[in-house]
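Here are my notes on this one, point by point. Keep the structure open while you read.

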Amino acid sequence: MTRKAERRRRVIRWAASVAAGIALAAAAVMLLPGSAGAIGAVVAVLIGLAAGHRAMIAPPGVAILTYHSVSPAPGWLPWSRDIAVHPDTFARHLDTLRRMGATVMATRDLVARRAAGESLPRRPVVLHFDDGYLDNYRHARPLLERYVMTATFFPSLDFIALEDTIRFDGEEAGYMRWRELRDLHGAGFEIEPHGVDHARVPTSDAVVGTLDAGNWRRNAWMQWRATPGPKHDWFRLETPVAVPLGSAIPASGLALAERAWIDGAREAPAAFETRIERDLARCRDAFVGQLGSPPQIFCWPENKTCGEARAIARQLGYRATTGGKGRNAADEPADVLSRIHVDDRAIGVRWLAVEGLYLRAAVRLMQGNHYWYLVLAPMHMTRRIVFALRRRFGDDFA
């Protein structure tokens, strides 16, 4: 059962139990005389609450929190509204985890313990950082070290710059270099692959738009797909060069999750699997060469994958991959990691007290306490409304 389906089922059962208890209480008041009616009403409400409580508390899971950019100025990213977290928000999140008594684990440790059927520490949490942004090194790492917490960083090969130096100050836009990733690795952080080029592929002959000056950056996958090799400086281009403005934007899907549409036909299954194997093997070989040991965890771009890709990852020696839809509970596969994306501006504006409450609710929900969904749901709704208003009136997120 997916996390969303479980949440829906449990909340519906809870609401039905509470409503039934209230209905029975009303009936007791109307049908029973005097104090007997009052006592009956109280008993009915308590029974309804008890039945509802059983529905809202699930077997414990593990919260794997996924971050991307951690920056005070993420405007260079066309999708910063969707993935950027301010360092002040991130610091509040880490402080919240500490106050909750959470145990922040390494991903490999979690996978090994779950695979062996071993017990986990109290309130386990895992921290992930996708895409390998330079701001992770500048802003996330110092905060992690201040709070003595570990994390796993997932860069994509074509976005890792090859210069053998560490940047200590200056520009914050862009991606980490191998030297910076090795420095993180030497400090005890895990570095695992996020694919080669974060690619998408056309999935049909449908056209969903036209590339223009206002949208080509948000459709940067088209440029990435057309330019094999290093891509760490793509955002510095003033205009696209590989796929020009005016080109059709095709319907697309993640390259490691869906078969491509090539020359008017669906990619053959064997070709699809060969393409996946090639990318995962490239990641493995590059990590061995740069970090001295093979990777163990593979993070699918945009958290999407398929059964064929998971099987190939296992064959190539990856112990676990992302893309799960559950809560990392004991009855779920140990080699599938279910993650939740962490937002900033939980209610559409940055209010640190609310950011901490949001994170607490998200973690506790993953850990099985579905009462916290009653806190998250109105936050999500408020955030959507505020962001819609900002888009309508032209307010810039960054």
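1. Salt bridges to begin with: a search of the whole structure turns up 23 of them. Bear in mind throughout that this is a predicted model. As a reminder, side chains of opposite charge can pair when their charged atoms come close.

2. Take arginine 98 and aspartate 95, whose closest N and O atoms are 2.8 Å apart in a salt bridge. Both sit in helix α4 (residues 87-100), and because they are three residues apart there, about one helical turn separates them. Their surroundings are worth a look: arginine 98 is exposed, with a relative accessible area of 52%, whereas aspartate 95 is buried at 13%.

3. Which parts of the chain does the salt bridge between arginine 167 and glutamate 180 link? The N to O distance for this pair is 2.8 Å. Arginine 167 lies in the loop between β4 (152-155) and α7 (178-186), while glutamate 180 belongs to helix α7 itself, and the two are 13 residues apart. Glutamate 180 has 0% relative accessibility, so this residue counts as buried, the cut-off being under 20%.

4. Another one to check is arginine 314 with aspartate 335, where the closest N and O atoms of the salt bridge are 3.3 Å apart. Again the pair links distant parts of the chain: arginine 314 is in helix α10 (residues 307-315), and aspartate 335 is in the loop between β11 (320-324) and β12 (336-338), 21 residues apart. Arginine 314 is partly exposed, with a relative accessible area of 45%, and aspartate 335 also counts as partly exposed, at 22%. There is a network to look at too: Glu6, Arg10 and Arg327 are joined by salt bridges that share partners.

5. On to the nonpolar interior. The largest nonpolar core has 64 residues, and those touching the most other members are Leu65, Phe90, Leu97, Leu127, Phe129, Leu144 and Leu280. Which helix gives the most to this core? That is α11 (residues 352-366), with eight residues. A separate core of 18 residues lies apart from it, and its members include Leu77, Ile83, Trp216 and Val243.

6. Phenylalanine 90 is a handy place to centre the view. Setting aside neighbours within four places in sequence, phenylalanine 90 is in contact with Tyr67, Val70, Val85, Phe129, Ala140, Leu143 and Leu144.

7. Now strand β1 (residues 63-67), where five of the five residues are buried. In a regular strand the side chains alternate between the two faces of the sheet. Here Ala63, Leu65 and Tyr67 point one way, and Ile64 and Thr66 point the other way, with all of them buried.

8. What does β1 pair with? One partner is strand β3 (residues 124-131), in the parallel sense over five bridges, and tyrosine 67 has phenylalanine 129 as its bridge partner there. Strand β13 (residues 340-341) also pairs with β1 in the parallel sense, over two bridges. In that pairing threonine 66 is matched with histidine 341.

9. The aromatics deserve their own point, as the count comes to 19 aromatic pairs. Tyrosine 175 and phenylalanine 235 make a tilted pair, 6.5 Å centre to centre with 55° between the planes. They are 60 residues apart: tyrosine 175 is in the loop between β4 and α7, and phenylalanine 235 is in the loop between α8 (221-226) and β7 (248-254). Tyrosine 175 is buried at 5% relative accessible area, and phenylalanine 235 is buried at 9%.

10. Phenylalanine 235 also pairs with tryptophan 234: the ring centres are 6.3 Å apart and the planes are at 85°, so this pair is edge-to-face. Tryptophan 234 is buried, like phenylalanine 235. These rings belong to one aromatic cluster made up of Trp76, Trp79, Tyr133, Phe159, Tyr175, Trp224, Trp234 and Phe235.

11. Last, two charges over rings. Arginine 81 lies over the face of phenylalanine 387, at 5.2 Å from the ring centre. Arginine 339 lies over the face of phenylalanine 154, at 6.0 Å from the ring centre.

Definitions and conventions. Residues numbered from 1 in each chain as written. Predicted model: local features only at pLDDT ≥ 70, side-chain atom pairs only at ≥ 80, totals over all residues. Heavy atoms only, no water. Salt bridge = Lys/Arg side-chain N within 4 Å of Asp/Glu carboxyl O. Helix = DSSP H or I, 4+ residues; strand = E, 2+ residues; numbered from the N terminus. Buried < 20%, exposed > 50% of the residue type's maximum accessible area, 1.4 Å probe, protein only. Core = buried A, V, L, I, M, F, W, Y, C linked by side-chain atoms within 4.5 Å. Contact = heavy atoms within 4.5 Å. Pairing = 2+ DSSP bridges. Phe/Tyr/Trp six-rings, centres within 6.5 Å; stacked < 30°, edge-to-face > 60°. Lys NZ or Arg CZ within 6 Å of the ring centre and 35° of its normal.
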